[in-house]
2 protein chains.
Amino acid sequence: MKYSISEVAQKLNLTVYTLRYYDKEGLMPFVERTPNGTRLFKESDIDALKVIECLKSTGMPIKEIKKFIDWCSDGDSTLQQRYDMFLERKAAVEAQVEELKQTMKLIDHKCEYYKTALKAGTENIHKDNKIGNI
Amino acid sequence: MKYSISEVAQKLNLTVYTLRYYDKEGLMPFVERTPNGTRLFKESDIDALKVIECLKSTGMPIKEIKKFIDWCSDGDSTLQQRYDMFLERKAAVEAQVEELKQTMKLIDHKCEYYKTALKAGTENIHKDNKIGNI
DNA sequence: ATAAACCCTATAGTTAACTCTAGGTCAAGC
DNA sequence: GCTTGACCTAGAGTTAACTATAGGGTTTAT
C-alpha cells in the first residue's frame with residue numbers, strides 16, 4: 001500500500017507543508033517519486049516519520065535528526081553512533097520527566113493555594129503563610 | 001535582601017537579556033526601581049519568576065503567562081480564572097508526561113534494536129523481524 | 001579623575017520551525 | 001477539450017523567544 005503526501009499528513013497529524021519542509025531539510029531521502037515527481041510513501045516511510053516525530057518530541061532539533069537519517073543511509077558503519085544517540089535521547093527524556101515532576105509539584109501547590117483562596121474569597125489568608133511561600 | 005538583575009539571572013540560570021525581555025513583555029510589573037531606573041529584585045520577585053519559569057516549562061507561551069500576571073495584579077476578583085488556569089496547566093503537564101511515556105517506549109525499543117544490531121555487527125538481523133517493525 | 005564594571009532603553013538581528021504564495025504540471029471527470 | 005483538484009518547486013513571510021548592539025548614565029576602585 002502506498003500513500004500520497006496528504007494521506008500521510010492526515011495519518012500523522014501534520015500538514016503537507018510540514019512534510020515537504022522535512023523533505024527539504026533532508027529528513028526523508030527514502031521517499032520514492034512517481035515519474036512526474038509526486039511523492040509516494042510506503043508503510044516503512046510512515047514508520048520512519050514516526051521515529052522522526054518521536055525524536056522531535058524529545059526536543060531534538062531537525063538538524064540533529066538529519067544527522068541520524070544520514071547515519072541510517074550510511075549503513076552498518078554508523079550503528080554505534082546511532083545507538084549512542086538513542087541512549088542520549090533516553091537520558092534527555094528522563095531529565096524532562098524529572099523536570100516535569102518538579103513543575104507538577106509547584107502546580108499542585110498553586111492549585112491548593114487558589115482552592116483555599118477561593119473558599120475564603122480572598123488571597124489574603126495566604127499572607128505570611130507557609131502555603132503562599134513556596 | 002535585594003538583588004540586581006545579573007544576580008537574579010545567575011540564580012535562575014537565565015541571561016539578563018531574557019529578564020529584561022520578560023519585563024518588556026509585562027511579566028514583571030512588580031519589580032521596583034532605584035531613583036535612577038536600576039531594577040531591584042526582592043525575594044518575592046524571584047519566587048514569582050520561578051512560577052513564570054514553571055509555567056513556561058508547561059509549554060505556556062509568554063503572552064498567556066502575561067494574562068496570568070495581569071490577573072494577579074487585578075486581585076481577588078480573578079481568583080477563579082487563576083485557579084482554572086492552574087487546573088488546565090496540570091492537565092497539560094499530565095498530557096506531556098503521557099506523551100513522554102510513549103516516546104520512551106519507542107526509544108527503549110530502538111536502544112534494544114541497536115544493541116542487538118551492534119552485537120551482530122549488522123542491522124540485517126532485524127530484517128523481517130518483530131523488533132525492527134515497531 | 002578616570003577607567004572598569006555595572007546598570008538602562010530602544011531597536012535591530014537571529015534562529016527554528018514552520019506556513020504560505022506564486023506559478024506550474026498532470027490525471028480524472030464532465 | 002476543459003475545468004477541478006491534487007501534486008510539485010522555489011522562495012517569501014511569520015512567529016516566538018530570545019540575543020545582541022548602540023548609545024548613554026552611575027558607582028567603585030585605583
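Me: Into which classes do the residues of the surface near DNA strand C divide, and how many fall in each?
Reply: This is a predicted model, in which local features need pLDDT of at least 70, side-chain atom pairs count only at pLDDT 80 or more, and totals for chains, interfaces and linings use all residues; side-chain values use heavy atoms, without hydrogens and water. A residue is near a strand if one of its heavy atoms lies within 4 Å of it. Ala, Val, Leu, Ile, Met, Phe, Trp, Tyr, Cys and Pro count as nonpolar, Asp, Glu, Lys and Arg as charged, and the others, Gly among them, as polar. By these classes, the surface near DNA strand C has six nonpolar, six polar and six charged residues.

Me: Which element supplies the largest share of the surface near DNA strand C?
Reply: Residues are numbered from 1 along each chain as its sequence is written, while chains are lettered from A and ligands numbered from 1 in the order in which they are written. Elements are DSSP runs numbered from the N terminus, helices being H or I of at least four residues and strands E of at least two. At least two residues each come from α2 (16–24) and α4 (62–74) of chain A and from α1 (5–12) and α2 (16–24) of chain B. The largest share, four residues, is that of α2(A).

Me: What share of the atoms of DNA strand C within 4 Å of the protein belongs to sugar and phosphate?
Reply: Around DNA strand C there are 18 residues, of which B:S6, B:R20, B:K24, B:R33 and B:R39 come nearest. Among the atoms of the strand that come within 4 Å of the protein, sugar and phosphate make up 69%.

Me: How far is a side-chain N or O atom of B:R20 from a phosphate oxygen of DNA strand C?
Reply: A polar contact is a pair of N or O atoms within 3.5 Å. For A:Y22, the distance from a side-chain N or O atom to a phosphate oxygen of DNA strand C is 3.1 Å, and for B:R33 it is 3.0 Å. For B:R20 the corresponding distance is 2.3 Å.

Me: Which element gives the most to the surface near DNA strand D?
Reply: Phosphate oxygens of DNA strand D lie 2.7 Å from a polar side-chain atom of A:S6, 3.0 Å from one of A:R33 and 3.4 Å from one of B:K56. Two or more residues of the surface come from α1 (5–12) and α2 of chain A and from α2 of chain B. With four residues, the most comes from α2(B).

Me: Which relation superposes chain A on chain B?
Reply: Copies are superposed by least squares on the C-alpha atoms of residues with pLDDT of at least 70 in both. A rotation of 180 degrees with 0.0 Å of shift along its axis brings chain A onto chain B, at RMSD 0.0 Å. That is the relation of a two-fold axis.

Me: Which residues of chain A lose the most area to chain B?
Reply: The contact (heavy atoms within 4.5 Å) takes 38 residues from chain A and 38 from chain B. Buried area is the accessible area (1.4 Å probe) that two parts lose on being put together, summed over both; here the chains bury about 3500 Å², 74% of it on carbon and sulfur atoms. Together giving 18% of what the chain A side buries, the residues that lose the most are A:Y83, A:L100 and A:Y114.

Me: Over which residues of chain A is the pLDDT below 50?
Reply: pLDDT is the predictor's confidence in each residue, from 0 to 100. Chain A has a mean of 95, with 95% of its residues at 70 or more. The pLDDT is below 50 over residues 130–134.

Technical notes
A polar contact is a pair of N or O atoms within 3.5 Å; within protein, one must be able to donate a hydrogen and the other to accept it, and residues adjacent in sequence count only if both atoms are side-chain atoms.
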